[in-house]
There are 2 protein chains.
Amino acid sequence: MDKKEYIVRQLRRTYNKKYEAYVVHRIIHLLNDLDIKFVTQQYVVRPDGGIALTDLFFPQINLHIEVDEGHHKANIDADKLREFDIINTTGHDILRVDVTTSIEQINQRINEVLEEIHKKIDRLKNNSEFKPWSIDSEFNSDTYIKIGYIDIHDNVAFKTIKDACNCFGHNYIGYQKAGASHPDSTIMLWFPKLFPNGEWDNQISDDEKTITEKSLNTKKVKKHIIGIINRENNAKHKRIVFAKVKGNLGFVLYRFRGLYQLDFNKSGSNGLVWRRVATKVKTFPKPKNN
Amino acid sequence: MDKKEYIVRQLRRTYNKKYEAYVVHRIIHLLNDLDIKFVTQQYVVRPDGGIALTDLFFPQINLHIEVDEGHHKANIDADKLREFDIINTTGHDILRVDVTTSIEQINQRINEVLEEIHKKIDRLKNNSEFKPWSIDSEFNSDTYIKIGYIDIHDNVAFKTIKDACNCFGHNYIGYQKAGASHPDSTIMLWFPKLFPNGEWDNQISDDEKTITEKSLNTKKVKKHIIGIINRENNAKHKRIVFAKVKGNLGFVLYRFRGLYQLDFNKSGSNGLVWRRVATKVKTFPKPKNN
């Protein structure tokens, strides 16, 4: 999928609400910058908990736009959404556009929003921190090997497990397992579904700081848990997590969630509890061919 | 309906085609001028005959934009469309935007289209012929009384029969009949459906130059026809025609088609034939209250 296809498909997602379509299209067309990525109808966890949709999200500046139609938005049934790509908005900014005003006032408000976007982009550019949107490089492991890290503030996700693995010393052509090794033997790469699926009932807390790994198969889970807890030398007692989610254009994504560490005190027969200990992890070059 | 509602509803009509939505929204937002009216998905009769849809129509400058998705557009079954508002494009300009190219090329092409629109608007402004879009005045009889005429090139339509009547010396609060008098006794105002409806089967030619008035009730029609042909002093042998159509937001409109004159040679037991003799007619002030 190229930028053209991405842009028209993202914009099209606004079709069922005419004011949202007006505001989102207007912001994107007046912004008029193919270096700035946007996402429409992004599921988010609000800082105070609860899942919501924001109408327009700019991941490079962690800014959200909400179109305020003057009526209370329906609550979203969070349980049905866990398979989708949900972004935690802690530290993000949200701007609102009230569409119950006149067309002139809506346009004026959109101009203010555009000024705010330009300010944030300029600030990044002045600090040489702006990464122009590149649809080729954003899902490419080489991008993250080159900069030396993966940071949750960059909203990193991959399209396949192998692309994530290849950021950590692998050079896979294809890879399908939910776990992979890491140069540090205390760390494992993990690609879980963080919602009930089959005999697994994994969960992530709204603040993303805690993952609970559970199985509904009590016999199996006990063996699994004891096996992991009793590993010597803390082998794989930390996990770099890329959660398997459904992206908003329908494709699977592996969304970086951080580095988690086993909580021995809370883990037990009910499952394993993992606590986030870092939101930024080092990347490793691919092995050289012999 | 105000401009805000009109604009968001017109833009929303593009929702079923993602490239059309991109191009139409982009043109409107970058044009960014609330004085310029636009219509999306306008039915048109092409100069060489046949009905088509143009994706974006600017009635003040008689310019159409077509989004070219690279595949042949399906033919439209004209018979099913006769109740809709169809514009004859003789003398209109059509610009195409090829969306099979890259996003950069599409944006560049839209910039060229915008330049062309600005040129045409500037030309009107330089000749003091530009009429800024006013949703209040465009359907108001006073507007046309003030300028002294109704011209087909201005794409004039009214929302009710009385508004049309009141351009010709009437001051109706409400009026429902399909005919009304004119200060000139040789002229009648006519508000026909120009498609088969009930026992009537009226038709207008693609070039709008000929209207055929027919009835399926042979007895009734004979009496009607003879009555009209035999009128003395050419009474009502001319008709100013406002065709009843369904506008593209679903509202009824009475679309000005011109001044037509009875063709005695062609009229007979098969029906009455009316030939267009003018595309611009004089308006008359409302009668003063006694």
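**Strand pairing, helix packing and two-fold symmetry in a predicted two-chain model**

In β4(B), the residue that stands opposite B:V44 is B:I87, and strand β1 (residues 39-45) of chain B is joined to β4(B) by three bridges, the two strands running parallel. This is a predicted model, in which local features need pLDDT of at least 70 and side-chain atom pairs count only at pLDDT 80 or more, whereas totals for chains, interfaces and linings use all residues. Residues are numbered from 1 along each chain as its sequence is written, while chains are lettered from A and ligands numbered from 1 in the order in which they are written. Helices (H or I, at least four residues) and strands (E, at least two) are DSSP runs numbered from the N terminus, and two strands pair if DSSP finds at least two bridges between them.

**Sheet of chain B**

- Five strands form an open sheet in chain B, in the order β4-β1-β2-β3-β5 and with mixed pairing.
- Because β4 (86-88) and β5 (93-98) of chain B each have a single partner strand, they stand at the edges, and one side of each is left without a neighbour in the sheet.
- From one strand to the next, the twist averages 50°.
- Helix α3 (residues 103-126) of chain B packs on this sheet, touching β2 (51-58), β3 (63-68) and β5 of chain B, and its direction makes about 165° with that of β5(B); axes are lines fitted to C-alpha atoms, for helices over the stretch in contact, and angles run from 0 to 180 degrees between N-to-C directions.

**Sheet and helix α3 of chain A**

- Chain A likewise has an open sheet of five strands with mixed pairing, in the order β4-β1-β2-β3-β5, and its edge strands, β4 (86-88) and β5 (93-98), each pair on one side only.
- Six bridges link strand β3 (residues 63-68) of chain A to β5(A) in the parallel sense, and A:D68 has A:D98 as its bridge partner in β5(A).
- The 24 residues of α3(A) reach 34 Å from the first C-alpha to the last, close to the 34 Å expected at 1.5 Å a residue, where the expected span is 1.5 Å times one less than the number of residues.
- In α3(A), A:I106, A:I110, A:V113 and A:I117 are buried, that is, 20 or more other C-beta atoms lie within 10 Å of their own, against 12 or fewer for an exposed residue and a count in between for a partly exposed one, with C-beta atoms placed from the backbone.
- The buried residues of α3(A) pack against α2 (18-31), β2, β3 and β5 of chain A, and just after this helix A:S128 takes a positive phi of about 55°.

**Contact between the chains**

- In chain B, 19 residues are in contact with 19 residues of chain A, contact meaning that the C-beta atoms of two residues, placed from the backbone, lie within 7 Å.
- On the side of chain B that touches chain A, two or more residues come from each of α1 (3-12) and α2 (18-31) of chain B, and α2(B) gives the largest share, eight residues.

**Symmetry**

- Chain B superposes on chain A by a rotation of 180° with 0.0 Å of shift along its axis (RMSD 0.0 Å), the fit being by least squares on the C-alpha atoms of residues with pLDDT of at least 70 in both copies.
- The two copies are therefore related as by a two-fold rotation axis.
- B:Y15 comes closest to the rotation axis among the residues of chain B, at 2.7 Å (C-alpha).
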